[in-house]
Amino acid sequence: MSQAPRIAPVAVTAYRCVSAAGDSLNALHAALLANRCCLRPLQLFELPFDTVVGEVISRLPDIRPSLQRYACRNAGLA
């Protein structure tokens, strides 16, 4: 069995959090400390049944022009 090639380590020097709790680390931290459920009815589109989801309702950043062919909600979340 051959081993997968090793990938060089990468230093993570900054990060950001976008979640159903909000669009900052502080919002997520506060929700976790308060044991607050961030599930709510879906707002992004209509469904023929009732459900709750962990939907991100914050405005997502624009995709830069060089990456427009990848412009979608998932790319904005990433």
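Where is Ser58 found in this protein? Ser58 sits in the loop between strand S2, residues 52–53, and helix H2. I shall return to that residue shortly, after some words on the model as a whole.

Colleagues, what stands above is a predicted model. Its mean pLDDT is 90, and 99% of the residues reach 70 or more. Confidence varies among the elements: helix H1, residues 25–33, has the highest mean pLDDT, at 95, while helix H2, residues 73–77, has the lowest, at 86.

Let me turn to the architecture. The protein contains 2 helices and 2 strands. Read from the N terminus, the order of these elements is α-β-β-α.

Next, the overall dimensions. The radius of gyration is 17 Å, whereas a compact globule of 78 residues would have one near 12 Å. Along the principal axes, the C-alpha trace spans about 50 × 35 × 35 Å. Of the 78 residues, 15% count as buried. The accessible surface comes to about 7100 Å², and carbon and sulfur atoms account for 57% of that surface. As for contacts between residues at least 6 apart in sequence, 17% of them join residues at least 24 apart.

I now come back to Ser58. Is this residue buried or exposed? Ser58 is buried, with a relative accessible area of 19%; the cut-off for that class is under 20%. Once residues up to four places away in sequence are set aside, Ser58 touches Gly22 and Asp23. Gly22 lies 36 residues from Ser58 along the chain, yet the C-alpha atoms of the two are separated by 6.9 Å.

Thr51 offers a second loop position to consider. This residue lies between strand S1, residues 40–41, and strand S2. Its relative accessibility is 31%, so Thr51 counts as partly exposed. Which residues does Thr51 contact, leaving aside its neighbours within four places in sequence? They are Arg40, Pro41 and Leu42. With respect to Ala34, 17 residues away along the chain, the C-alpha separation of Thr51 is 23 Å.

Let me move on to the cysteines. How many disulfides does the count give? The count comes to 0. Why is Cys38 not bonded to Cys37? The closest cysteine sulfur to that of Cys38 belongs to Cys37, and at 6.6 Å it is too far for a bond; the limit applied is 2.5 Å. Cys38 is also buried, with a relative accessible area of 13%. Cys72 is likewise in no disulfide, since the nearest cysteine sulfur, that of Cys17, is 19 Å away and a pair must lie within 2.5 Å to count. At 43% relative accessibility, Cys72 counts as partly exposed.

Finally, the charged side chains. The model has 1 salt bridge by the rule applied. Asp62 forms this interaction with Arg59, and the closest N and O atoms are 3.2 Å apart, against a limit of 4 Å. Both Asp62 and Arg59 are exposed.

To draw the points together: the predicted model has an α-β-β-α order, a radius of gyration of 17 Å, 1 salt bridge and 0 disulfides. Within the loop between strand S2 and helix H2, Ser58 is buried and touches Gly22 and Asp23. I thank you for your attention.

Definitions and conventions
Residues numbered from 1 in each chain as written. Predicted model: local features only at pLDDT ≥ 70, side-chain atom pairs only at ≥ 80, totals over all residues. Heavy atoms only, no water. Buried < 20%, exposed > 50% of the residue type's maximum accessible area, 1.4 Å probe, protein only. pLDDT = per-residue confidence, 0-100. Helix = DSSP H or I, 4+ residues; strand = E, 2+ residues; numbered from the N terminus. Rg over C-alpha atoms; globule rule 2.2 N^0.38 Å. Contact = heavy atoms within 4.5 Å. Areas by Shrake-Rupley, 256 points an atom, 1.4 Å probe, with all protein chains shown as cover.
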